[in-house]
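Reader: I'm new to this one. Can you walk me through it?

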Amino acid sequence: MLLELLLSGVLLLGAYALLCVTVLKLPRCQSSAKLDGKTAIVTGANTGIGKTTAMDLARRGARVIMACRDRRRAEAAIQEIVQETGNGQVIFMQLDLASLQSVRSFAEDFLRSESRLDLLINNAGLVNSGTTEDGFGMIFGVNHLGHFLLTELLLDRLKASGPSRVVTVASKAYTMGKVDFDCLTTHRDLGLGSSDYQLLLKYCHSKLCNILFTYELAKRLQGTNVTCYSLHPGAIKTEISRSSSFLWKLFLTPIIFLFFVDAESGAQTTLHCALQEGIEHLSGHYFTQCAPLTSIEPKARDDAVAKKLWELSESFCGLS
């Protein structure tokens, strides 16, 4: 009996090890691009994929703007990045995506102090209940609307600095998402309720918004030297679910521990979209595992929904 248990344990460990080096192993960005003289903004850069992305860009010589809400955590991350890369051009700038005024203030400060913008990495995301300062659902406001306004306010500088890129971190969770315009116009949110499952659904809806935003943005950027991409980073161990309930964390923790990969692996598709040469003709596409996904679901390529979401977002942000 003991021998059978030992053999079963060895087989399970072997199967898990094989899984880790095959299915769970993500490809790495192959670009050797140097970024001396280039400027990048990374939102949510103090932790997880954002921090790893900022680290890589700094190592390549970029001036990296860490666009974060929490100054203390951002400055701790900056100290680590500077020590690791030797690049002293890693700068904190205050940005709270849950406040449209904060987004405007950030853009004003950036445009006043920085002469160029080569990369805008819309990385920050959350799965929190509550509402933003402007009365929007927190997940919609931070994951989509704040980044929408930020991108719009910085487009002219991106165009002036081109060739430049906008990279938005979405998720395969978009497959469970939808855009309910009735709910958006009535409740200023992507859905109702605040249970863990309802928050997860809102997150899925917001990731569909990210992809539709990128799809529509690419159309509006045709004829310019700015390109844009959305992406699925993979199943990554990050702090995005840190506000979840105890029971939800109890359910998720063993799954995350066993089957999710680290932030460095999760940043590779972001870096690919930001740095890889020869993908300009794929502007507006959705990437996963450092490659464009050709079999994306039709709802993520719905021209009418993408256009309507853009126009509604403009209205919410006071741009139209």
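Reader: What volume does the largest cavity have?

Author: The largest cavity has a volume of about 40 Å³. Bear in mind that this is a predicted model.

Reader: Which residues line the largest cavity?

Author: Its lining consists of Leu26, Pro27, His232, Pro233, Gly234, Ser265, Gln268, Thr269, Thr288 and Gln289.

Reader: And how many of the lining residues are nonpolar, polar or charged?

Author: For the largest cavity the split is 3 nonpolar, 7 polar and no charged.

Reader: How many cavities of 30 Å³ or more are there in the whole structure?

Author: A search of the whole structure gives 2. The second largest cavity holds about 30 Å³ of space.

Reader: What lines the second largest cavity?

Author: Leu97, Ala98, Ser99, Leu100, Thr132, Asp134, Phe136, Gly141, Leu145 and Gly146 line the second largest cavity. They divide into 5 nonpolar, 4 polar and 1 charged. The largest share of that lining, 3 residues, comes from H5.

Reader: Where is helix H5?

Author: Helix H5 covers residues 138-160, which is 23 residues. At 1.5 Å a residue, H5 should span 33 Å, and its end C-alpha atoms are 32 Å apart, which agrees.

Reader: Where does H5 bend?

Author: H5 bends at leucine 154, by about 50°.

Reader: Last thing: why is H5 described as largely enclosed by the rest of the structure?

Author: Because 18 of the 23 residues of H5 are buried. Buried here means under 20% relative accessible area.

Definitions and conventions. Residues numbered from 1 in each chain as written. Predicted model: local features only at pLDDT ≥ 70, side-chain atom pairs only at ≥ 80, totals over all residues. Heavy atoms only, no water. Helix = DSSP H or I, 4+ residues; strand = E, 2+ residues; numbered from the N terminus. Expected span 1.5 Å × (residues − 1). Bend = angle between axes of the 7 residues up to and from the residue. Buried < 20%, exposed > 50% of the residue type's maximum accessible area, 1.4 Å probe, protein only. 1 Å grid on protein atoms, 1.4 Å probe; cavity = no way out; pocket = protein on both sides within 12 Å on 5 of 7 lines; lining within 4 Å. Points joined across faces, edges and corners; volume = space filled by probe spheres on them. Nonpolar A, V, L, I, M, F, W, Y, C, P; charged D, E, K, R; others polar.
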